[in-house]
Amino acid sequence: MKIKPFLTEHFFAKYEFTASHLLASSDCETTSIADLLDLSGGSLVDFGAVKLGYTESQGHPEYRRLVTEMYEHVAADDIVILTSPVEGIYLTMQTLLDASDEVIALSPAYDALHHVADHLCGKFELWQLVPTATGWQMDLDRLRSLVNSKTRLIIVNFPHNPTGYQPERDELQELIEIARENGCWLFCDEIYRGLEPGFELGATLPSVADIYEKAIVLNGLSKTFGLPGLRAGWLVIRDRKLREELIGWKHYTTICPAAPTEYLAMQALSVRVQLAERSRELVRSNLAVCSAFMERQSDIFHWRPPMAGSTALVEIDLEYLGRKQVQTFATTTEYCHHLVQNHGILLLPGECLGCSGRFARVGLGRQGFHAALVAWEATLPAISI
Ligand SMILES: Cc1ncc(COP(=O)(O)O)c(C=O)c1O
């Protein structure tokens with residue numbers, strides 16, 4: 001059996017490096033090596049002295065120690081440093097799953113969170129986030145009806161890509177109770193953690209790594225910290241046996257982290273508060289502009305503002321667009337291809353992430369967002385006042 005295609009990566013590969021306006025990126029604005037070192041007090045000379053030998057498989061002990069500062073009850077031994085965040089999804093699924101297992105995954109989702117598990121397990125069930133008039137909701141009763149004694153793993157992602165959904169504390173606790181009662185592992189992708197309004201004040205959720213003993217938590221420097229080119233990520237696995245098995249799989253993928261990345265990742269972690277603050281501020285101001293745009297264009301768009309993270313999912317009334325414009329589009333996938341090919345504006349079709357063809361993803365973490373919205377608005381039918 002072949003694994004399903006990674007539609008998001010295929011779509012980005014086709015357009016990301018030529019489109020004039022990136023309106024769908026999930027990563028926040030990045031920085032240069034020189035600017036990062038300026039901020040962290042590191043030096044290009046020290047970076048130049050990094051030796052290009054193999055590194056420790058589990059990751060440099062100081063790198064792992066710096067990561068533990070993001071958690072309450074996690075030790076450096078519980079961390080496995082990866083050669084990219086996405087590697088952590090592959091390794092976890094390979095380590096945990098075989099054809100006798102059932103998996104339940106929150107949907108929609110970043111492709112890898114579904115396809116690797118679906119490829120490996122016996123039964124793969126989607127657990128849909130439910131759209132409301134103003135946002136999204138988890139249906140915990142539905143989860144209860146899906147879970148059973150064969151369910152080995154539940155896969156979630158908070159803050160959620162693409163909807164920007166974030167559960168309340170009691171909802172997260174209930175989700176964990178369901179997993180605990182059924183003896184399930186819970187894979188929580190927390191790569192957008194820190195992009196919750198009020199994160200700096202502690203007004204947010206704890207990491208699942210701190211509150212569930214059978215959690216596997218993914219994070220990295222790509223999104224909140226704006227450093228996807230570093231390919232720096234980690235898993236938190238407090239269960240020693242599982243961690244060792246996973247490191248066994250890692251010997252077949254990347255063996256150990258890249259030495260230059262380890263140096264720069266440690267620099268970045270030493271200023272993670274400042275990097276995250278910068279991203280939060282950018283998302284906050286882009287979101288304000290975006291919400292005003294969506295309100296102006298409410299004949300076309302149904303906007304459910306994100307609660308956290310750097311992405312949102314907009315529902316597009318393609319029939320209305322068709323009535324007002326010469327061209328009609330059957331799905332947002334057609335519309336997104338049209339928009340980027342004719343106007344250089346890159347939105348991500350929701351179908352890449354397992355949504356219906358009425359949705360598209362907007363990315364809120366980039367500079368140039370305002371200019372991109374102006375360009376998009378210029379393509380839309382004139383508003384009748
Ligand atoms: C939810 C989620 N997890 C993991 C990743 C993988 O991150 P990276 O591409 O930096 O490996 C992404 C990237 O878009 C993501 O959205």
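This is a short walk through the domains of a protein and the ligand it holds.

Okay, one thing before we start: what you're looking at is a predicted model.

Let's begin with the overall layout. The domain assignment splits the protein into domain 1, made of 7-31 + 274-379, and domain 2, which runs 34-271. If you take the C-alpha centres of domain 1 and domain 2, they're 25 Å apart. And the two do touch: domain 1 puts 33 residues into the contact, and domain 2 puts in 39 residues.

Now, the ligand. Where does it sit? In the largest pocket. Around the ligand you'll find Ser 26, Pro 85, Val 86, Tyr 110, Asn 157, Asn 161, Asp 189, Ile 191, Tyr 192, Ser 222, Lys 223 and Arg 231. That shell is a mix, with five nonpolar residues, four polar and three charged.

Let's zoom in on some of those neighbours. Tyr 192 uses its side chain: an N or O atom there is 2.7 Å from an oxygen atom of the ligand. With Val 86 we're looking at the backbone, where an N or O atom lies 2.9 Å from a ligand oxygen. Pro 85 also comes in through a backbone N or O atom, 3.5 Å from an oxygen of the ligand.

So how much of the ligand does the protein bury? On its own, the ligand exposes 390 Å², and the protein buries 94% of that.

Terms used. Residues numbered from 1 in each chain as written. Predicted model: local features only at pLDDT ≥ 70, side-chain atom pairs only at ≥ 80, totals over all residues. Heavy atoms only, no water. Near = heavy atom within 4 Å. Polar contact = N/O pair within 3.5 Å; in protein donor to acceptor, adjacent residues only side chain to side chain. Areas by Shrake-Rupley, 256 points an atom, 1.4 Å probe, with all protein chains shown as cover. 1 Å grid on protein atoms, 1.4 Å probe; cavity = no way out; pocket = protein on both sides within 12 Å on 5 of 7 lines; lining within 4 Å. Sits in = over half its atoms within 2 Å of the grid points. Nonpolar A, V, L, I, M, F, W, Y, C, P; charged D, E, K, R; others polar. Domains from an automatic or database assignment. Contact = heavy atoms within 4.5 Å.
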